[in-house]
Amino acid sequence: MDVFLDLDGTLTDNSIGIMASVEHALTHLDEPVPSRKELLAWIGPPLKNSFQAHLGSEEKAARAIALYRERYRETGLFENEVYDGIPEMMDHLVARGARLHLATSKPRVFAERIVAHFGLDTRLSSVFGSELDGHNSEKAELLKYAKETLGVAGGIMLGDRCYDMTGALAADCKAIGALWGFGSREELTDAGAHRLAGTPSEAATAIDEALQ
């Protein structure tokens, strides 16, 4: 069975790096900067969508993304930590015969550096992420592309936001919500999660059951 794993809010907590890089971009554009509490909602969906909604134009959003990446690629990338229990969850699933794939809206070039930095890459069969031009930034689009590339049917998606759940359903994957991330129980349930897991260990059990 193929298991697709989200990155931010599921494998790692990169909230500080993301929020600080958003603040950097908006400050340089002399635009209003949301509070840290408000910026938590920016973690998960494509940044282009969040910047465009905040700034009101594609042109400003494109400039903001460029400024964001200036800081993120050098500093924000590693303002990050792996959630407790994630390596053990991944090891357990690999031992059970699952093939693990990263599926993140984050640009693939950044995602590859992050999983390599934390030693998670050795547990992954492949890494799927968006391209710097925004291609494959929507989770449904990304998962469909990943499954077509791998030549697989079905699959399981583990993620912490509604976008992971709706993307999984659109791509004919079972959707498991990670409650330790940035999405609420209500958000994940309303988005159609088949199961919810409070810890990586619980997620391993839920995926185990789905593999049977």
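What follows is a set of short questions and replies on a few helices and one strand residue of this predicted model.

Me: How do you know that the length of helix α10 agrees with its number of residues?
Reply: Helix α10 covers residues 200–211, which is 12 residues. At 1.5 Å a residue, the expected span is 16 Å. The end C-alpha atoms of α10 are 16 Å apart, so the two values agree.

Me: Which residues of α10 are called buried, and what makes a residue buried?
Reply: Buried means under 20% relative accessible area. In α10, the buried residues are Pro200, Ala203, Ala204, Ala206, Ile207, Asp208 and Ala210.

Me: What do the buried residues of α10 pack against?
Reply: They pack against one helix, α5 (86–95). They also pack against the strands β1 (2–5), β6 (156–159), β7 (174–178) and β8 (195–197).

Me: Why is Leu196 called partly exposed?
Reply: Leu196 is found in strand β8. Its relative accessible area is 25%. Buried needs under 20% and exposed needs over 50%. The value for Leu196 lies in between, so Leu196 is partly exposed.

Me: What is Leu196 in contact with, leaving aside its neighbours within four places in sequence?
Reply: Leu196 is in contact with Gly177, Leu179, Arg185, Leu188 and Thr189.

Me: Why is helix α1 called oblique to helix α3?
Reply: The axes of α1 (residues 15–28) and α3 (residues 47–55) cross at roughly 40 degrees and come within 13 Å. Roughly parallel needs an angle under 35 degrees, and roughly perpendicular runs from 65 to 115. The angle fits neither, so α1 is oblique to α3. The crossing is right-handed.

Me: Which residues make the contact of α1 with α3, and how many are nonpolar?
Reply: Val22, Ala25 and Leu26 come from α1. Leu47, Phe51, His54 and Leu55 come from α3. The contact has 6 nonpolar residues, 1 polar and no charged.

Me: What makes α3 oblique to helix α4?
Reply: α3 and α4 (residues 58–72) pack at an angle of about 125 degrees, with axes 8 Å apart. Roughly perpendicular stops at 115, and roughly antiparallel needs over 145. The angle falls between these limits, so α3 is oblique to α4. α3 passes α4 in a right-handed crossing.

Me: Which residues make the contact of α3 with α4, and how do they divide?
Reply: α3 brings Leu47, Lys48, Phe51, Gln52 and Leu55. α4 brings Glu58, Lys60, Ala61, Ala64, Ile65 and Tyr68. These residues divide into 7 nonpolar, 1 polar and 3 charged.

Methods:
Residues are numbered from 1 along each chain as its sequence is written. This is a predicted model: local features need pLDDT of at least 70, side-chain atom pairs count only at pLDDT 80 or more; totals for chains, interfaces and linings use all residues. Side-chain values use heavy atoms; hydrogens and water are left out. Helices (H or I, at least four residues) and strands (E, at least two) are DSSP runs, numbered from the N terminus. The expected span of a helix is 1.5 Å times one less than its number of residues. Buried means under 20% relative accessible area, exposed over 50%, partly exposed in between (1.4 Å probe, protein chains only). Contact means heavy atoms within 4.5 Å. Axes are lines fitted to C-alpha atoms, for helices over the stretch in contact, and angles run from 0 to 180 degrees between N-to-C directions. A crossing is left-handed if the near helix is turned anticlockwise from the far one by less than a right angle, and right-handed if clockwise. Ala, Val, Leu, Ile, Met, Phe, Trp, Tyr, Cys and Pro count as nonpolar, Asp, Glu, Lys and Arg as charged, and the others, Gly among them, as polar.
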